[in-house]
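Work through the exercises below with the coordinates open. Try each task before reading its solution.

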Amino acid sequence: MNISTTSAVPLRDRNKTKTREAIMAAVARRLENDGLAQLSFTEIAREADIGESTVYRYYPNKEVLLEAFWDWAPQAIQRDSYPQNFHELESRLSADFVRFDQREPLIRGMLASPQGRSARMHTAAARQQAFRQLVANEVGDVPDPDRDRLCAAIQLLYSATTWATFKDYWNMDGAEAGKAASAAIAGLLDHARRTLRAPQD
């Protein structure tokens, strides 16, 4: 009896995780096909191949569903971790921006949706710390407020907002946008090494 009960719990948990993943993936596909305005629980259920009542059981309304979705979305676009140095940043940036081209409706939804902005703000502190660490690894000790200005500029250039700006105003594809952003970041880091590094004792 104990063995069957113990084995049933993880299986139930796995099934719940699988169902949530199916719903999130379905939201992503519907958003990319039809946009946020046309997103419905009926279409999500059909896309996920589950009952509509199941979607409501996990996410009782659209606001809760989208909040969960925007928390999940960085995993879908492989943006749920941060580079530790410029070499890693450069190698990821063009690939990331090309992926943004491929999933443009999803990325633009993340930028435009209030829930998407809210989800990004949840990770703001972690992003700031990651870029402070990158600057420390590349430049060394940079005194405030120069350090935070440098980190903010690098984070912006690494972002989907920059990808959208290069695409909309300069007609660049993701590969070119990634090269432009990487070059700008390299210039900022080089300038910081020459002018902002804190004096050594």
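**Exercise 1. A helix crossing**

Task: Describe how helix 10 passes helix 11, and list the residues that meet.

Solution. Note at the outset that this is a predicted model.

- Step 1. Take the handedness: the crossing of helix 10 with helix 11 is right-handed.
- Step 2. Fix the geometry. Helix 10 covers residues 160–170 and helix 11 covers residues 174–195. Their axes are 9 Å apart, and the packing angle is about 115 degrees.
- Step 3. List the contacts. Helix 10 supplies Thr162, Trp163 and Phe166. Helix 11 supplies Gly174, Ala177, Ala180 and Ala181.
- Step 4. Sort the residues of this helix 10 and helix 11 contact by character: 5 are nonpolar, 2 are polar and none is charged.

**Exercise 2. The loop between the two helices**

Task: Examine Asn171 and Met172 in the loop between helix 10 and helix 11. Is Asn171 buried or exposed?

Solution.

- Step 1. Place the residues. Asn171 sits in the loop between helix 10 and helix 11. Met172 lies in the loop between these helices too.
- Step 2. Check the backbone of Asn171. Its phi is near 55 degrees, a positive value in a residue other than glycine.
- Step 3. Apply the cut-off: exposed means over 50% relative accessible area. Asn171 has 71%, so it is exposed.
- Step 4. Turn to Met172. Its relative accessible area is 23%, so it is partly exposed.
- Step 5. Find the partners of Met172, leaving aside neighbours within four places in sequence. They are Phe166, Lys167, Ala177 and Ala180.

**Exercise 3. Backbone features in two other loops**

Task: Locate the positive phi of Asp49 and the cis peptide bond from Asp144 to Pro145.

Solution.

- Step 1. Start with Asp49. Its phi is positive, about 60 degrees, although Asp49 is not a glycine.
- Step 2. Place Asp49: the loop between helix 2 (41–48) and helix 3 (52–58).
- Step 3. Classify Asp49. Its relative accessible area is 70%, so it is exposed.
- Step 4. Move to the bond from Asp144 to Pro145. Omega is near 0 degrees, and the peptide is cis.
- Step 5. Place Pro145: the loop between helix 8 (124–138) and helix 9 (146–157).

**Exercise 4. A ring pair**

Task: Classify the pair formed by the rings of Phe41 and Tyr56. How many aromatic pairs does the structure hold?

Solution.

- Step 1. Count the pairs: the structure holds 8 aromatic pairs.
- Step 2. Read the geometry of Phe41 and Tyr56. The ring centres are 4.2 Å apart, and the planes make 25 degrees.
- Step 3. Apply the cut-off: planes under 30 degrees apart count as stacked. The Phe41 and Tyr56 pair is therefore stacked.
- Step 4. Locate the partners. Phe41 is in helix 2 and Tyr56 in helix 3, so the pair ties together parts 15 residues apart in sequence.
- Step 5. Compare accessibility. Phe41 is buried, at 7% relative accessible area. Tyr56 is partly exposed, at 40%.

**Exercise 5. The nonpolar core**

Task: Which residues have the most contacts inside the largest nonpolar core?

Solution.

- Step 1. Get the extent: the largest nonpolar core has 51 residues.
- Step 2. Name the residues with the most contacts inside it: Ile23, Phe69, Trp70 and Leu89.
- Step 3. Find the main contributor. Helix 4 (residues 62–76) gives the largest share of this core, 7 residues.
- Step 4. Follow Phe69. Not counting residues up to four places away in sequence, Phe69 touches Met24, Val27, Ala28, Leu31 and Leu106.
- Step 5. Add the rings: Phe69, Trp70 and Trp72 form one aromatic cluster.
- Step 6. Recall the general trend. In soluble globular proteins, nonpolar side chains tend to be buried together.

Notes. Residues numbered from 1 in each chain as written. Predicted model: local features only at pLDDT ≥ 70, side-chain atom pairs only at ≥ 80, totals over all residues. Heavy atoms only, no water. Axes fitted to C-alpha atoms, helices over the stretch in contact; angles between N-to-C directions. Helix = DSSP H or I, 4+ residues; strand = E, 2+ residues; numbered from the N terminus. Left-handed = near helix turned anticlockwise from the far one by under 90°. Contact = heavy atoms within 4.5 Å. Nonpolar A, V, L, I, M, F, W, Y, C, P; charged D, E, K, R; others polar. Core = buried A, V, L, I, M, F, W, Y, C linked by side-chain atoms within 4.5 Å. Buried < 20%, exposed > 50% of the residue type's maximum accessible area, 1.4 Å probe, protein only. Phe/Tyr/Trp six-rings, centres within 6.5 Å; stacked < 30°, edge-to-face > 60°.
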